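This report looks at a few local features of one protein model, with the sequence and the 3D view alongside.

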Amino acid sequence: MSGIYIHIPFCKQACHYCDFHFSTSLKKRDEMVGALAKELELRKDEFNGVTIETIYFGGGTPSVLSIKELQFLIESVYKNYKVSDNPEITLEANPDDLSPERIQNLTHTQINRLSIGIQSFFDEDLKLMNRAHNSEEAKNCLLVATQHFDNISVDLIYGIQNATNTQWIQNIETALSYNIPHISCYALTVEPNTALASFIKKGIIDDVNDEKAQEQFYILKETLENKGFVHYELSNFGKEGFFSRNNSAYWQGKSYIGIGPSAHSFNGKQRGWNVRNNSKYIKAIQNGELPIELETLTKTDRYNEYVMIGLRTMWGISIAKVEKDFGTVFKDYLLEHANAYINQHLLYIDEEHLRVTKKGQFLSDGIASELFKLNLS
């Protein structure tokens, strides 16, 4: 099983917290869509004979593309790759792009999953983040979308500076009121070179509070688990049968191709990333060149990545897999360094898998980094 990620590098406006690659100018939109289709063709031999199970339109804001453009790219995948009979095809979308007419039109495409960037149902939060939609648009969009799509995920952000725990509970409960089967939640983080980082540095707004974010994380976890959601990855909660197949493939170390500027790819042994510049990307593709840098991962790199991903998921780290794939030295190293966290009740071993406890979940990335092995090869 493999997947294709297609990065659409356009947004109507820049969110203050975002450091993904995008442009707010749509001037090169036609050329970009043509280049994305061309890259799909140029790279078809990488997945020769492999079945594509997931297609994911991310960004940026893929919902700025027309139905015709989205359909053209989906057809380009089908033309160049072997696609399963029942692929998961996800479109990331913003509420302001999902008018009732647009949602209706999307039902005539092969897209069968929507990932909607709500972030908050409070207008003051949306203004702070410089989102393009308002609370009313978010609610109206969910009202219509749930009438036409069964498989919907919404994104919410916690740890927002002025948002109280009471408001956070309201955000969660509002999302639940639409019977959404999947919710992705992220702590507000301050990335370098973003507007948010600049505002904090200048004292215009307060810095984020890690303790409040942690509190809201556990409120989230308890609320959703009580409603039948499975906390299957640090930031992701799904009802049974509605886990993201695309993201689950990432977390289980399966191969994928990333199409578009800044998109990443992985084939099990090599990681690649495309140039993070729209003009350079288009020019290279038009010349029949792949603007990609490749890195061959060492055994230590692959071990570290498996540890990082494994601790974020409910599946944890398979001790047997570590020994089989990396050797006894790596297994012994893992168990030796995990011991201190087991004693602190942050990690535990169950059925030969190393997993984080409820207490350790919010800290899982930091714990994982302490289990990394130095790359001395």
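## Helix α12

Gly-327, which comes just after helix α12, takes a positive phi of about 110°. The model is a predicted one, and helix α12 covers residues 319-326.

Within α12, the residues Ile-319, Val-322 and Phe-326 are buried. They lie on the same side of the helix, because they cover an arc of only 65° around its axis. The buried residues of α12 pack against two helices, α11 and α13 (328-343), and against the strands β13 (317-318), β14 (347-350) and β15 (353-356).

Helix α12 also holds a salt bridge, in which the side chains of Asp-325 and Lys-321 meet at 2.7 Å, N to O. These two residues are 4 apart in the helix, about one turn. Asp-325 is partly exposed at 27% relative accessibility, and Lys-321 is partly exposed at 34%. Lys-321 has a further partner: it lies over the face of Tyr-306, 5.5 Å from the ring centre.

## Other salt bridges

How many salt bridges does a search of the whole structure find? The search finds 12. One of them joins the side chains of Arg-29 and Glu-69, at 2.8 Å from N to O. Arg-29 belongs to helix α1 (residues 29-42) and Glu-69 to helix α2 (residues 67-80), so the pair ties together parts that are 40 residues apart in sequence. Glu-69 counts as buried, because its relative accessibility of 12% is under the 20% limit.

Asp-365 and Arg-312 form another salt bridge, with their closest N and O atoms 2.9 Å apart. Asp-365 is in helix α14 (residues 364-371) and Arg-312 in helix α11 (residues 299-312), so this pair ties together parts 53 residues apart in sequence. Asp-365 is partly exposed, at 30% relative accessibility, and Arg-312 is partly exposed as well, at 21%. Elsewhere, a network of salt bridges links Glu-39, Arg-43 and Glu-46.

## Aromatic rings

The structure holds 13 aromatic pairs. In one of them, the rings of Tyr-232 and Phe-243 have centres 4.1 Å apart and planes at 5°, so the pair is stacked. Tyr-232 lies in strand β7 (residues 230-233), whereas Phe-243 lies in the loop between β8 (236-238) and α9 (245-251), so the pair ties together parts 11 residues apart in sequence. Tyr-232 is buried, with a relative accessible area of 0%, and Phe-243 counts as buried at 17%.

The pair of Tyr-256 and Phe-266 is tilted, with 6.3 Å from centre to centre and 40° between the planes. Tyr-256 lies in strand β9 and Phe-266 in strand β10 (residues 264-266), so this pair ties together parts 10 residues apart in sequence. Both Tyr-256 and Phe-266 are buried. In another part of the model, the charged end of Lys-373 sits over the ring of Phe-330, 5.2 Å from its centre.

## Strand β9

Strand β9 covers residues 256-259, and all of them are buried. Tyr-256 and Gly-258 point one way from the strand, while Ile-257 and Ile-259 point the other way. Strand β9 pairs with strand β1 (residues 2-8) in the parallel sense over 4 bridges. Ile-4 stands opposite Ile-257 of β9.

## Gln-216 and an aromatic cluster

Gln-216 is found in helix α8 (residues 210-226). Is this residue, Gln-216, buried or exposed? Gln-216 is buried, with a relative accessible area of 1%. Leaving aside neighbours within four places in sequence, Gln-216 is in contact with Tyr-158, Gly-159, Ala-163, Thr-164, Asn-165 and Trp-168. Tyr-158 and Trp-168 also belong to one aromatic cluster with Phe-217, Tyr-218 and Phe-362.

Key
Residues are numbered from 1 along each chain as its sequence is written. This is a predicted model: local features need pLDDT of at least 70, side-chain atom pairs count only at pLDDT 80 or more; totals for chains, interfaces and linings use all residues. Side-chain values use heavy atoms; hydrogens and water are left out. A salt bridge is a side-chain nitrogen of Lys or Arg within 4 Å of a carboxyl oxygen of Asp or Glu. Buried means under 20% relative accessible area, exposed over 50%, partly exposed in between (1.4 Å probe, protein chains only). The arc is that of the directions from the helix axis to the C-beta atoms. Contact means heavy atoms within 4.5 Å. Two strands pair if DSSP finds at least two bridges between them. Rings of Phe, Tyr and Trp (its six-membered ring) pair if their centres lie within 6.5 Å; planes under 30 degrees apart count as stacked, over 60 as edge-to-face and the rest as tilted. A charge sits over a ring if NZ of Lys or CZ of Arg is within 6 Å of the ring centre and within 35 degrees of the ring normal.
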